[in-house]
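Here is a short tour for anyone who likes to read a fold from its contacts outward. Keep the viewer open and follow along.

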Amino acid sequence: MRKDKLYFLTFISIAVIFLLIASISSKYFVKVSANQLIEVQLESSIREANEMARLVNYQLISGLEREKIIQNFQKAIENTNDGASFICLFDWSGKEVCHPDITQVGQKVNSNQSLLNSLKEENSSDELYNLLINREVNEDNDQNTQKNQSRTLSSEIVHIVPVEGSDLIIAAHFNIDKIAAQTRKLKTSFYTIFALMGMLIILSSFFAVRMIGSYYEKQLEQKNTNLESELVNLSKLNMDLVAYQQKITEAAANEVVKEVVHEVQEVKEPIENNPSPVIDSGKKRILTYIRNELIPIFIDQISHIYTENGITFVLTVDGKKSTTNVSLDDMFANLDPSLFFRANRQFIISITAIDKIIKYGNSQLKIVLRDTDAEIIISKNKASEFRQWLNI
């Protein structure tokens with residue numbers, strides 16, 4: 001249940017983040033693309049107006065009558081206002097001389113002088129884009145007003161070129177309705193692409209997060225399983241350690257009892273009639289040094305033996321430390337292997353001194369001894385031998 005909730009929240013988070021980013025970036029992309037479209041159309045209109053101005057001027061220089069030029073011009077541009085841009089001809093008085101819509105001929109030219117001035121600057125497409133946006137806002141706010149002004153707002157003059165040697169001026173118009181329609185179409189295409197892309201990104205991210213989450217969940221479950229298995233083995237190892245220590249303690253106690261019984265029997269019975277049995281208990285003590293003083297130490301009092309800088313140190317269970325001239329190899333050879341274990345090249349440890357066994361690293365073991373800060377590491381290869389030493 002928690003996983004499903006986590007996946008649901010992940011899905012919602014990705015969707016919200018994408019919507020926030022898309023809402024900001026989409027407006028920018030639409031504006032940049034619309035401006036690019038307007039700039040291309042504007043350059044084409046300006047080039048067309050300049051060429052027509054040169055053509056009219058050439059006809060005037062050639063001696064062609066003004067009326068004939070106007071007539072030819074009208075035929076050339078008639079019904080061309082259905083496109084995104086078109087050109088017209090007017091005189092210095094501001095009256096239309098030629099226009100694609102014949103009904104506009106003789107009418108007063110309606111132009112936005114501030115727009116014309118702004119179009120001479122570098123960011124001319126921004127002004128046209130803002131004009132389209134404002135027009136759409138006005139249409140949304142007041143449909144009736146838009147209907148009454150549709151004739152005056154249907155086109156805007158974006159460039160004028162005076163014809164040399166005459167009172168004629170060629171004007172390049174933008175059909176605002178057509179440009180607005182192209183911009184809306186572009187905006188719709190962008191929003192559609194963003195919506196499809198958003199759905200794809202959100203769904204793919206959701207499934208990717210779910211797959212990655214499932215993979216790491218399996219890895220975590222496997223690690224937990226392995227950890228539980230290691231804990232069980234480690235717990236068993238410590239339990240066997242306690243059992244082995246108890247066995248050693250009981251064996252030592254039985255040895256003491258046997259010795260006492262043997263001594264009692266020696267007192268009660270003549271030696272010649274009832275000789276005592278020989279008990280081979282092994283070496284009981286070792287001889288060590290503290291400076292120049294010889295110190296005998298009982299084997300069962302040794303906690304651990306280690307070497308440092310070529311010197312062999314012997315530590316007892318009560319924390320006393322002394323040295324010996326015997327090497328670690330020779331020392332281990334003379335010790336009872338059931339009581340002492342060669343942990344590594346530096347340490348020999350006593351079974352009775354072990355406090356606990358801890359898992360360390362990759363299949364290694366760390367031995368913690370009683371009443372000492374010594375931490376002894378048993379390698380991976382030596383760990384199996386240590387388990388066998390504890391009769392596991």
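In which sense do E3 and E4 pair, and over how many bridges? The two strands pair in the antiparallel sense, over 7 bridges.

## The chain at a glance

This is a predicted model. The chain has 392 residues, of which 33% count as buried. Its secondary structure comes to 9 helices and 14 strands.

Looking at contacts between residues at least 6 apart in sequence, 53% join residues at least 24 apart. The chain exposes about 25200 Å², and carbon and sulfur atoms supply 55% of that area.

## Strand E4 and its partners

E4 is a good place to settle in. All 8 of its 8 residues are buried, so the strand is largely enclosed by the rest of the structure. In a regular strand the side chains alternate between the two faces of the sheet. Here both faces are covered: Leu 168, Ile 170, Ala 172 and Phe 174 are buried on one side, and Ile 169, Ala 171, His 173 and Asn 175 are buried on the other.

E4 also pairs with E1 in the antiparallel sense, again over 7 bridges. Phe 174 of E4 is a handy landmark: Ser 85 stands opposite this residue, and Phe 174 is the bridge partner of Glu 156 as well. E3 and E4 form a hairpin with 5 residues between them, and Gly 165 in the turn has a positive phi of about 80°.

## Trp 92 beside the hairpin

Is Trp 92 buried or exposed? This residue lies in the loop between E1 and E2, and it counts as exposed because its relative accessibility is 63%, over the 50% cut-off.

Beyond its neighbours within four places in sequence, Trp 92 is in contact with Ser 166, Asp 167 and Ile 169. Trp 92 and Asp 167 are 75 residues apart in sequence, yet their C-alpha atoms are 5.6 Å apart in space.

## Two nonpolar cores

The largest nonpolar core holds 24 residues, and those that touch the most other members are Phe 73, Ile 87, Leu 89, Cys 98, Ile 170 and Phe 174. Two or more residues come from each of helix H1 (2-61), helix H2 (66-77), strand E1 (85-91), strand E2 (96-98), strand E3 (155-162), strand E4 (168-175) and helix H7 (176-268). H1 gives the most, with 6 residues.

Apart from this core lies another, of 23 residues, among them Tyr 306, Ala 353, Ile 376 and Trp 389.

## The sheet E12-E13-E14

Further along the chain, 3 strands form an open antiparallel sheet in the order E12-E13-E14. Its edge strands are E12 (354-360) and E14 (375-378), each pairing on one side only. Neighbouring strands are turned by 25° against each other on average, direction ignored.

E12 and E13 (residues 364-369) pair over 6 bridges, and Val 368 in E13 is the bridge partner of Lys 356. Helix H9 (residues 380-389) lies across E12, E13 and E14, running at about 55° to E13.

## Ser 350, a buried polar residue

Which strand holds Ser 350? Ser 350 is found in E11 (residues 347-350). The residue counts as buried because its relative accessible area is 4%, under the 20% cut-off.

A polar contact of 3.0 Å joins the side chains of Ser 350 and Thr 352. Leaving aside neighbours within four places in sequence, Ser 350 is in contact with Ile 302, Ser 303, Leu 339 and Phe 340.

Definitions and conventions. Residues are numbered from 1 along each chain as its sequence is written. This is a predicted model: local features need pLDDT of at least 70, side-chain atom pairs count only at pLDDT 80 or more; totals for chains, interfaces and linings use all residues. Side-chain values use heavy atoms; hydrogens and water are left out. A nonpolar core is a set of buried Ala, Val, Leu, Ile, Met, Phe, Trp, Tyr and Cys residues joined through side-chain atoms within 4.5 Å. Buried means under 20% relative accessible area, exposed over 50%, partly exposed in between (1.4 Å probe, protein chains only). Helices (H or I, at least four residues) and strands (E, at least two) are DSSP runs, numbered from the N terminus. Two strands pair if DSSP finds at least two bridges between them. Axes are lines fitted to C-alpha atoms, for helices over the stretch in contact, and angles run from 0 to 180 degrees between N-to-C directions. Contact means heavy atoms within 4.5 Å. A polar contact is a pair of N or O atoms within 3.5 Å; within protein, one must be able to donate a hydrogen and the other to accept it, and residues adjacent in sequence count only if both atoms are side-chain atoms. Accessible areas come from the Shrake-Rupley method with a 1.4 Å probe; for residues, only the protein chains shown count as cover.
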